[in-house]
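Colleague: I'd like to learn how to read a model like this one. Could we go through it feature by feature?

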Amino acid sequence: MADTAVLVAQVPTVEGKVRPGQAALAAHLDALDLPRGGFSRAARQDAAQRLEAMGLPGARDEYWRYTDPAPFNAARPEPLEFAADDATLFTAIDRLHLVFVDGRFDAAASDPLTAEGVEIESLAAADAGDDHWASGLYGRLEAAGQVPVKRPFAALNTLAAADGLLIRVTGQVARPVHITYRRSALDADVHLHHVVKLEEGAELTLLESGVLGARSNVVIEADLARGARLHHLSAKRAKDPKLGLGHIFARVGAEALFKSFTLSVNGAMMRNEAVIDIAGDDAVAHIAAAVLGDGNIGRFHHDDTVFVIHGAERCESRQVFKKVLKNGAEGIFQGKILVKPGAQKTDGYQISQGLLLDEGSQFLAKPELEIYADDVKCSHGSTTGALDETALFYLRSRGVPRERAIVLLVLSFLADALDEIEDTRLREDILGRLEDWLTERAGNPGKA
Amino acid sequence: MLEIKNLHVKLEDEDKQILKGVDLTVPAGEVHAIMGPNGSGKSTLSYVLSGRDGYAVTAGEAALDGQSLLEMEPEQRAAAGLFLAFQYPVEIPGVGNMTFLRTAVNAQRKARGEEELSAAEFLKLIRQKAATLKIDSEMLKRAVNVGFSGGEKKRNEILQMAMLEPSMCILDETDSGLDVDAMRLVADGVNALRRPDRSFLVITHYQRLLDHIRPDVVHIMADGRIVRSGGPELALEVEQNGYGDLLAEVG
């Protein structure tokens with residue numbers, strides 16, 4: 001005991017000093033125009049307190065070991081000249097189209113907010129009042145997702161989000177809800193917070209595309225009641241080096257289905273976190289991503305950090321992450337499956353793969369399993385490799401030119417992730433765009 | 001017509017000479033077979049002709065219908081009329097067999113300045129060719145060679161050959177991994193493709209395949225050279241006596 005006492009005495013005290021994370025936070029909050037909040041006021045105040053206690057991540061934070069938080073910590077983003085974003089995804093699909101510009105809902109550019117089986121409002125409009133169905137959800141899943149690992153930027157989002165969508169689904173929504181993000185200001189620092197609530201047996205397809213701003217921080221809280229089904233599909237392509245943070249917090253009820261697929265193409269320093277809480281028996285949760293990164297467009301760094309919690313029996317989870325990297329691009333995957341005591345007959349699967357198109361790029365993976373039940377099936381795998389030279393030769397020997405052969409092999413590599421898109425039309429749409437982008441890039445090596 | 005003169009090839013990364021002066025001429029319309037023991041350089045010859053990376057030509061030349069092959073990219077050689085049927089056809093998950101074939105056919109047509117086939121024209125053509133090879137439409141829909149049996153993979157190679165209509169076909173140990181029935185099916189496919197303006201170079205260890213694909217000339221390859229050439233009876237001689245006697249004979 002005496003030894004311990006000595007050790008304790010030697011630890012330098014931090015009392016009276018401001019930790020670096022807190023200093024960054026103070027500067028960051030100063031630069032923001034924090035909404036006062038109506039129905040969300042209590043949640044925002046709670047987030048402010050939690051955020052104050054945790055500070056922003058520092059370089060020594062284990063959870064930020066592979067991604068430098070500094071550009072996200074900075075009080076303001078660097079202004080960013082940007083090329084026109086192409087917004088042709090999902091346009092051929094009959095959908096409810098909603099537009100955000102610089103992180104603000106643009107009603108004039110959007111379809112009317114009415115569709116059968118769903119109630120939709122913008123957060124900014126709803127937050128003018130003190131009473132709303134979303135008051136029981138806004139910031140709640142985010143707060144629950146702060147254990148055991150802190151996610152300060154998600155708390156910051158709950159505090160600072162000026163807008164977003166509040167979507168409550170009560171039946172089968174025939175048309176997908178499609179959110180298009182546009183930007184006009186060079187230095188837009190966007191905080192968006194979406195709340196999606198699916199009542200028992202309800203079903204929704206939620207699409208996101210476009211580019212949010214020079215820097216963005218988006219939180220989606222999704223609450224799925226018994227037997228509900230949510231298909232989430234996000235496809236973002238930036239032609240310039242923007243900064244992006246995303247969090248998805250999902251609570252998946254009994255017999256419910258949650259599926260999320262993200263496509264990220266080029267030009268971004270991006271971190272996507274997902275916390276999937278499988279809370280009811282016989283539920284299914286899949287999360288997948290396909291990433292194409294080219295370091296020549298600007299620093300490309302793409303981090304997927306996933307935490308899947310199995311808290312019920314006979315549930316299935318599946319994580320499929322594929323990253324194609326070139327010209328010094330960096331891909332990160334941190335994925336964890338936690339199986340709680342009693343979550344018997346869990347079927348958990350995780351695969352992360354990096355395809356490096358040159359020697360300067362890298363893919364880092366940190367797969368984790370933590371299991372407290374004895375009758376479960378969990379597996380994980382991770383690979384990093386170059387293009388298969390034999391396959392490349394095979395295609396070329398049939399007359400397929402090298403660039404085209406590489407496109408085909410990249411699509412082949414991504415196939416498992418793309419297969420996670422259940423809807424054939426949407427998958428074909430994504431695949432078509434992906435092929436166009438790959439072909440375009442193949443023709444212009446080294447340029448955007 | 002394929003003409004190979006004094007071809008010397010080494011491994012790119014190692015100081016290892018594999019082909020040590022190959023001379024070989026395959027006139028239009030003929031079927032030639034190359035036999036030889038393991039490590040004699042048969043497969044290397046097929047790879048070098050089709051342009052696979054990893055080999056360095058140190059001397060000699062190879063030409064197809066008067067066009068020098070060795071400076072061309074693999075896809076240019078294909079467009080010039082060369083086709084290699086692989087010993088181990090490669091599986092490409094996520095890329096449909098049809099997509100692959102249509103891409104290949106149209107890339108070659110484009111390279112030759114011909115008009116590309118429309119989806120409808122292509123579909124009609126492939127259905128017709130697949131039927132003769134007993135390849136069903138389900139197999140065409142699957143990813144390239146994924147989940148195919150050994151026989152299906154080789155039939156798929158022959159289907160590609162039929163679609164691409166090359167002037168020079170190299171078959172690299174196409175009989176390996178095939179049962180008797182599958183081999184007959186593949187051989188029938190090849191025989192159906194014989195034409196006065198199309199030549200074949202059949203690389204094999206065994207005489208068996210040559211019962212089904214009758215060669216005009218048989219070459220024996222050993223230690224990086226063609227050491228003997230003769231008629232189909234040469235293959236029978238190998239089958240009966242092995243390579244030992246024959247190689248001792250040529251020194």
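Colleague: Let me start small: which residue in strand 19 of chain A is the bridge partner of Q334(A)?

Modeller: The bridge partner of Q334(A) in strand 19 of chain A is K366(A). Before we go on, this is a predicted model, where local features need pLDDT of at least 70 and side-chain atom pairs count only at pLDDT 80 or more, while totals for chains, interfaces and linings use all residues. Residues are numbered from 1 along each chain as its sequence is written, chains are lettered from A and ligands numbered from 1 in the order written, and side-chain values use heavy atoms, without hydrogens and water.

Colleague: How many bridges join strand 17 of chain A to strand 19 of chain A?

Modeller: Strands pair if DSSP finds at least two bridges between them, and strands themselves are DSSP E runs of at least two residues, while helices are H or I runs of at least four, both numbered from the N terminus. Here strand 17 (residues 330-339) and strand 19 of chain A share 10 bridges and run parallel.

Colleague: What is the strand order in the open sheet with strand 3 of chain A?

Modeller: This open sheet of chain A has 10 strands, ordered 3-4-5-7-9-11-13-15-17-19, and its pairing is mixed. Strand 3 (114-115) and strand 19 (362-371) of chain A stand at its edges, each with a single partner strand, so one side of each has no neighbour in the sheet.

Colleague: And what order does the open sheet with strand 2 of chain A have?

Modeller: That open sheet also belongs to chain A, with 10 strands in the order 2-1-6-8-10-12-14-16-18-20 and mixed pairing. Its edges are strand 2 (104-105) and strand 20 (377-385) of chain A; each has a single partner strand, so one side is left without a neighbour in the sheet. Within chain A, strand 14 (residues 284-294) and strand 16 (residues 316-326) run parallel, joined by 11 bridges, and V291(A) stands opposite K323(A) of strand 16.

Colleague: Which strands of chain A does helix 9 lie across?

Modeller: Helix 9 (residues 402-418) of chain A lies across strand 12 (257-265), strand 14, strand 16 and strand 18 (347-356), at about 155° to strand 16 of chain A. Axes are lines fitted to C-alpha atoms, for helices over the stretch in contact, with angles from 0 to 180 degrees between N-to-C directions; contact means heavy atoms within 4.5 Å.

Colleague: Now for helix against helix: at what angle do helix 3 and helix 4 of chain B cross?

Modeller: Two packed helices are described by the angle and the distance between their axes. Helix 3 (residues 97-111) and helix 4 (residues 119-132) of chain B cross at roughly 110°, with axes coming within 11 Å. Helix 3 and helix 4 of chain B are therefore roughly perpendicular (under 35 degrees is roughly parallel, over 145 roughly antiparallel, 65 to 115 roughly perpendicular, the rest oblique). Helix 3 of chain B brings M98(B), L101(B), R102(B) and V105(B) to the contact, and helix 4 of chain B brings A119(B), F122(B), L123(B) and I126(B).

Colleague: Any oddities in the backbone of chain A?

Modeller: V147(A) and P148(A) are joined by a cis peptide bond, with omega about 0°. P148(A) sits in the loop between helix 6 (140-144) and helix 7 (152-160) of chain A. K345(A), though not a glycine, has a positive phi of about 60°, and lies in the loop between strand 17 and strand 18 of chain A.

Colleague: What are the helix and strand counts of chain A?

Modeller: Chain A has 10 helices and 20 strands. The C-alpha trace of chain A spans about 70 × 65 × 50 Å along its principal axes. For chain B, the secondary structure comes to nine helices and 12 strands, and the C-alpha atoms fill a box of roughly 55 × 40 × 35 Å along the principal axes.
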